[in-house]
Amino acid sequence: MRLDPFYLIVDSADWIDRLVPLGVKLVQLRIKDRPHAELRAEIRRARATCRRHACQLIVNDYWQLAIDEGCDFVHLGQEDLAVADVAAIRTARLKLGLSTHDEAELATALAAKPDYVALGPIWPTILKAMNWAPQTPARLAAWRKAIGDVPLVAIGGVTVERLQQVFAKGADSAAVVTDITRNADPEARTRQWLAATRTYLGDEAAADRS
Ligand SMILES: Cc1ncc(COP(=O)(O)OP(=O)(O)O)c(N)n1
Ligand SMILES: Cc1ncsc1CCOP(=O)(O)O
Ligand SMILES: [Mg+2]
């Protein structure tokens with residue numbers, strides 16, 4: 001499986017409605033602390049928009065809702081993974097992306113046969129408090145070597161200006177939140193991301209984006 005090199009992460013279906021039509025092909029819905037019914041409604045709306053625009057939707061944390069709503073991809077952190085029913089996720093044929101921060105977590109993640117592994121934060125992030133020091137781009141190269149051809153996602157502090165560094169170290173996809181959502185013009189910034197990641201697309205994905 002090949003991941004689009006531009007991996008947008010947002011916290012609402014409104015953001016998805018706003019940015020996915022610009023040409024985004026890989027988006028994560030990452031919502032925290034909302035009632036179950038609202039989460040379901042957000043996931044349902046996000047899924048409908050993503051379907052219309054041939055964009056792959058990844059649901060963060062809420063794997064059961066993702067199954068129930070007919071989504072096809074979930075992202076789990078290590079704490080999420082520890083309490084998730086991975087067999088149920090697989091039986092429902094969902095793909096699975098996993099967070100990693102150190103070698104022990106990487107071993108745990110690889111044992112679950114993920115569809116991608118994420119490493120972060122590569123640089124400091126302002127999105128959330130992290131218990132991990134920045135990994136640095138050099139660590140992506142170590143992950144690349146360790147995981148063979150499992151797709152590798154770089155996350156944390158990634159900006160358009162830093163993209164070259166993550167791809168040069170072997171990342172397949174660069175995940176981003178605040179460089180877009182806290183930009184004064186999120187649509188313009190999204191277009192910059194689309195243009196800057198274009199050179200890292202395979203032929204098939206390039207055709208999908210056009
Ligand atoms: C692509 C990607 N990588 C890492 C994370 C972080 O997941 P997690 O550690 O479970 O933390 P929360 O995002 O749930 O706060 C992610 N969401 N996406
Ligand atoms: C959720 C998450 N996990 C590791 S870093 C991070 C935040 C990424 O946000 P930003 O792209 O704004 O640094
Ligand atoms: Mg999580």
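Pro121 turns up in the loop between β6 (116-119) and α7 (137-147) of this predicted model. The peptide bond leading into Pro121 from Gly120 is cis, with omega near -10°. Gly120 also shows up at a ligand: it is among the residues that come nearest to ligand 2, along with Thr125, Gly156, Val177 and Thr178. In total, 13 residues sit around ligand 2, and they break down into six nonpolar, five polar and two charged.

Ligand 1 has a shell of 14 residues, with Gly77, Ser99, Ala118, Ile155 and Ala175 the closest. Here the split is four nonpolar, seven polar and three charged. Gly77 also serves as a reference point for Glu105: the two are 28 residues apart along the chain, yet their C-alpha atoms are separated by 9.6 Å. Glu105 itself belongs to helix α6 (residues 103-111). Once neighbours within four places in sequence are set aside, Glu105 is in contact with Gln78 and Thr100. Glu105 has 18 other C-beta atoms within 10 Å, so it counts as partly exposed; the buried label would take 20 or more.

Back in the loop between β6 and α7, there is another backbone detail, this time at Thr136. Phi of Thr136 is near 75°, a positive value in a residue other than glycine. Thr136 is partly exposed because it has 14 C-beta neighbours inside 10 Å. Ala54, in the loop between α2 (36-52) and β3 (56-60), likewise has a positive phi, near 50°, without being a glycine. With 10 other C-beta atoms within 10 Å, Ala54 is exposed.

Helix α10 is next. Its twelve residues, 186-197, reach 16 Å from the first C-alpha to the last, close to the 16 Å expected at 1.5 Å a residue. Thr190, Trp193 and Thr197 are the buried residues of α10. These three cover an arc of only 55° around the axis, so they end up on the same side of α10. Ala188 and Ala195, on the other side of the helix, are exposed. As for what the buried residues of α10 pack against, the partners are β1 (6-10), α1 (13-19), α8 (163-168), β8 (173-176) and α9 (178-181).

On the annotation side, an unreviewed UniProt entry lists residues 12-180 as "domain: Thiamine phosphate synthase/TenI". Across residues 12-180 the chain is 42% helix and 18% strand, and the C-alpha atoms at the two ends of this stretch are 14 Å apart.

Conventions:
Residues numbered from 1 in each chain as written. Chains lettered and ligands numbered in written order. Predicted model: local features only at pLDDT ≥ 70, side-chain atom pairs only at ≥ 80, totals over all residues. Near = placed C-beta within 6 Å. Nonpolar A, V, L, I, M, F, W, Y, C, P; charged D, E, K, R; others polar. Helix = DSSP H or I, 4+ residues; strand = E, 2+ residues; numbered from the N terminus. Expected span 1.5 Å × (residues − 1). Buried ≥ 20, exposed ≤ 12 C-beta atoms within 10 Å, placed from the backbone. Arc of directions from axis to C-beta. Contact = placed C-beta atoms within 7 Å. UniProt positions renumbered as here; feature names shortened; annotations may be inferred.
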